[in-house]
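Here is a friendly walk through one chain, its annotated spans, its domains and its meeting with a neighbour. Keep the viewer open as you read.

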Amino acid sequence: MNTVISPRQDPTSGPFLELRDLKVHFPTDDGLVKSVDGLSFSLERGKTLGIVGESGSGKSVSSLGILGIYHRRNANVSGEIWLDGQELVSASPETVRGLRGKRMAMIFQDPLSAMHPYYTIGDQIIEAYRVHHKVSKKVARKHAIDLLARVGIPQPDKRVDDYPHQFSGGMRQRAMIAMALSCDPELLIADEPTTALDVTVQAQILDLMRDLQQEFNSALIIITHDLGVTAELADDVLVMYGGKCIEYGTATEIFENPQHPYTWGLLGSMPRLDQPVTERLLPIKGTPPSLINVPSGCSFHPRCAFAEKTGGLDSTVVPELELTGSSGHRVRCHLPAQVRQQIWRDEIKPTLEGERSVASMSELPSASHESEELA
Amino acid sequence: MAGPAGLECPAGPAAQAEIVVTFFIRRTIGAVLMLFVVSIATFLIFFGLPRLAGATPETFAARYLSRTADAHAQQVFAEKLGFYDPLWMQYGRWIKAIFVGTDYDYGTGIEHCAAPCFGYSFRTNHAVWTDLLDRMPVTVSLTVGASILWLVTGVGVGVLSALRKGSFFDRAAMTGALAGVSLPPYFTGLMFLYFFSYQFDLTAPGGTYVDFTDNPGEWAYSLILPWITLAMLNAAAYARFTRAGMLDTMGEDFIRTARAKGLHERVVVTKHGLRAALTPIITIFGLDVGLLLGGAILTESTFGLKGLGYFAIDAIGKQDFPQIMGVTMFAAFFVVVANLIVDMLYAVVDPRVRLS
């Protein structure tokens, strides 16, 4: 990397959350797994960052890295994580533990498995509150009931004594959010918060999260493979691939003017409710890369339809995350900016938008397609 | 109760308690039925199966008589003991004796055998029930001491192994556990006796037993080797079991949640990890204890402890049917009760069990 990231000059000023060249590597018997390989971004309070990528792209590992949930023995973590002027990678585990749950909290994917089956919802929220606040159980219980009411659980004074399995999926996710919010965290990380939920409930949960974020003025990181969720909530979007950020920009830029072929693929893979099901989806060929044997050069090149247009750079040189256009839009791609613009304008954009305009009955799935799905 | 859409009907505390009580009553009835099934099976094995093999009422009666008794005496005795009656009547009498007692007519006078009456030993003429009660304290002492020992060490080692998976400690402990599982108590027990009792004179020699009520110190001193011998066997199994359970549990999502809350690692491991990992261990622990209360045959024999296991093996060797049947029912009772307790504990420990 030629853009060497210099150490942060003044620890007290700067963005609320800043990651500088974060690397999380796991040495295994098969080789070094580079789950996160040089991730940098910053986030202010009140703003939302959407991190998008396939499974195994390093999204979840980065967030767990921020929270400091990793085995010091199993994981090599380097780089810097600044939270409100405090560096976390070099801080003691005990210091990070004190911040975890208090100033930074996390909402997990599947609330049924993410909650302990043997303790009541109330007990689990009370526990989260009492780790960081020396209050009586009674006070904490009152707080838990307030939180449950705040996230929209009816009869919170009764439901507080229920076990997770007695809640429905959406209610459980609300309870999970209540648990994360118990100490008014300034940084909230939501890892696939709606993946395990019904579509109807997804919208409610997203609404709730947006409301709460405004109320608490927290910084929100939302990790998802669902671009729809990102479009709904995020101010900025960070696209991850093979442990690296490959495109970063405002949500508007990413959706209106995406520059990386992988992002195009993600957009093409997004089913939309405003369109009939067509065969016009543009799936990304191949499978996500192994994080042990990351492809040489640009890790996306084996799956990239435009790799040959880079003049051989694709498999030899790792591309830099470079500014493109205006407003901080960055992309990690060897394609010359003009070529990218041209492909986007002439080939990709019409196909994506074509779906919207040409949608008609004749485009509905054919019988053969249907039988394929049933098989 | 009609709740908002997407909301399961919340059960109030009263309804919850009712469900728990129903659950307990249902399981208790099941346990009693199970004991009856065991009693029928036991009875059939001793009084039904021999008939298929050609036994006659006279041969049954012969068991109760001396070898010199002639055919006439056998017939008279078979008549007296009701061996000519249909099997179900004989079973009914046997069960009745257990519940309300019975009277034996010896010709010279009537002797009352008070409930629970399992009859008298062929050889010693002791009431089986009294003998069983006499042997109980030894077996209970052995089981209780050993079970505490193996539970604490087994679970402790298992947890530490899981938390330090792949470390030297883990490997050493698991190798030791393998050895512990593989070595039979009559080997380890004799080795212990040889070294600790006879070479170094640190522990009581074999065959020693002092009642707890007489002298608790002596009691523990006399039992320490049997405890260790018996515990080793199970501690090894429990260590492996706990280790596997802990490794599973510590990989669960709720452990990650617990860490994300900022809990101390100690709390994460004990309150969240161990609590969940222990549930299946409670099950096997209950069953193991129930089984041992019926007699730890090998350990008792090795150390010459006159407990129920020793009693059983002795009765089998001498073909003392009333004793064998008595000790079988006794052991079955403990296993069934242990099962019942485990079921109930499960409902207390895992809230998901109650509603199902």
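UniProt, in an unreviewed entry, places the feature "transmembrane region" at residues 29–49, 138–163, 175–199, 219–241, 276–298 and 324–349 of chain B. The model you are looking at is predicted, and the values below are computed from it. For "domain: ABC transmembrane type-1", the UniProt record (also an unreviewed entry) lists residues 136–346 of chain B.

The table sets out how three of these annotated spans look in the model.

| Span of chain B | Helix | Strand | Distance between end C-alpha atoms |
|---|---|---|---|
| residues 29–49 | 100% | 0% | 29 Å |
| residues 324–349 | 100% | 0% | 37 Å |
| residues 136–346 | 82% | 0% | 27 Å |

**Two domains in chain B**

The domain assignment splits chain B into domain 1 (15–113) and domain 2 (128–350). Taken over C-alpha atoms, their centres are 33 Å apart. Where the two touch, domain 1 of chain B and domain 2 of chain B each bring 13 residues to the contact. On the domain 1 side, helix α1 (residues 13–52) of chain B makes the largest share, with 12 residues. By class, that side of domain 1 holds 8 nonpolar, 3 polar and 2 charged residues.

**Where chain B meets chain A**

The contact between the chains draws 22 residues from chain B and 31 residues from chain A. On the chain B side, the elements giving two or more residues are α9 (253–260), α10 (265–293) and α14 (351–355). Which of the elements gives the largest share of that side? The answer is α9(B), with 6 residues. The side of chain B that touches chain A has 9 nonpolar, 4 polar and 9 charged residues.

**A closer look at α9(B)**

Why can α9(B) be called largely enclosed by the rest of the structure? The reason is that 7 of its 8 residues are buried. These buried residues are B:F254, B:I255, B:R256, B:T257, B:A258, B:R259 and B:A260.

Their packing partners come from both chains: chain A supplies α1 (59–67), β6 (104–107) and α3 (111–114), while chain B supplies α8 (216–250) and α10. Just after α9(B) comes B:G262, a residue with a positive phi of about 90°.

To look at this region yourself, start from α9(B), which gives 6 residues to the side that touches chain A, and then follow its buried residues out to the packing partners in chain A and chain B.

Note on methods:
Residues numbered from 1 in each chain as written. Chains lettered and ligands numbered in written order. Predicted model: local features only at pLDDT ≥ 70, side-chain atom pairs only at ≥ 80, totals over all residues. Contact = placed C-beta atoms within 7 Å. Helix = DSSP H or I, 4+ residues; strand = E, 2+ residues; numbered from the N terminus. Nonpolar A, V, L, I, M, F, W, Y, C, P; charged D, E, K, R; others polar. Domains from an automatic or database assignment. Buried ≥ 20, exposed ≤ 12 C-beta atoms within 10 Å, placed from the backbone. UniProt positions renumbered as here; feature names shortened; annotations may be inferred.
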